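Dear colleague,

I am passing on the structure we spoke about, and below it you will find my notes on what came out of the analysis. Please read them with the model open beside you.

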Amino acid sequence: MTFKSGKVNSLSFIQKRAAAPGSGCGFLLPRPRPLEEPRPSGWPVPPFPNPVSPPLEWLQSVQATMILSIIFSVLSLFLFFCQLFTLTKGGRFYITGVFQILAGLCVMSAASIYTVRHPEWHFNSDGSYGFAYILAWVAFPLALLSGVIYVILRKRE
């Protein structure tokens, strides 16, 4: 480092810091860390996966099927309103019922995958799944029931 009138020349400081192996400038992004860091034996394994590693595929499938179930439910609501005004007297709400049944099946598949893979995700769990898990299993039969009711339902005058 060079000093000029009692102050540090910041440009030479940055150049020397950038030239040092393994160091980055303060304003540059750090080098990516390896996925698995070596640990001394006896160190505890962290309870959550490494944030640098890619997410678990099964968890992405659970999220995707739950989002699909929401899309199918909203779509069935809009289709119900469309069919309510366009359907002839005595017609059934088949399209609405099919989309609602698809929403129920998506919820069932997501909850089933999560049930099977839960121990992989929660290492230090006391065996509880949480309220959202229970809510998903309650929503599954309700969505199927509403889908069946839509299929049975006839339009009145």
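Contact here means that heavy atoms lie within 4.5 Å of each other. Please keep in mind throughout that this is a predicted model.

With that meaning of contact, and leaving aside its neighbours within four places in sequence, G90 is in contact with R154 and K155. G90 itself lies in the loop between α2 and α3, and its C-alpha atom is separated by 6.2 Å from that of R156, although the two residues are 66 residues apart along the chain. As for exposure, G90 has a relative accessible area of 29% and is therefore classed as partly exposed, given that this class covers values between 20% and 50%.

Turning to the interior, the largest nonpolar core has six residues, namely W58, L59, V62, A110, Y114 and Y133. The elements that give two or more residues to this core are α2 (57-86) and α3 (94-121), and α2 gives the most, with three residues. One of the core members, V62, is in contact with A110, I113 and Y114 once its neighbours within four places in sequence are left aside.

On the surface, there is also a nonpolar patch formed by I134, V138, L142, L145 and I149, which together have about 480 Å² of accessible area. Within this patch, V138 is found in helix α4, which spans residues 131-152, and V138 is partly exposed, with a relative accessible area of 43%. As a general point, nonpolar side chains in soluble globular proteins tend to be buried together.

With best regards

How values were computed: Residues are numbered from 1 along each chain as its sequence is written. This is a predicted model: local features need pLDDT of at least 70, side-chain atom pairs count only at pLDDT 80 or more; totals for chains, interfaces and linings use all residues. Side-chain values use heavy atoms; hydrogens and water are left out. A nonpolar core is a set of buried Ala, Val, Leu, Ile, Met, Phe, Trp, Tyr and Cys residues joined through side-chain atoms within 4.5 Å. Buried means under 20% relative accessible area, exposed over 50%, partly exposed in between (1.4 Å probe, protein chains only). Helices (H or I, at least four residues) and strands (E, at least two) are DSSP runs, numbered from the N terminus. Patches are made of residues with over 30% relative accessible area and no salt bridge: like charges are joined within 9 Å, nonpolar side chains (Val, Leu, Ile, Met, Phe, Trp, Tyr) within 5 Å. Accessible areas come from the Shrake-Rupley method with a 1.4 Å probe; for residues, only the protein chains shown count as cover. A salt bridge is a side-chain nitrogen of Lys or Arg within 4 Å of a carboxyl oxygen of Asp or Glu.
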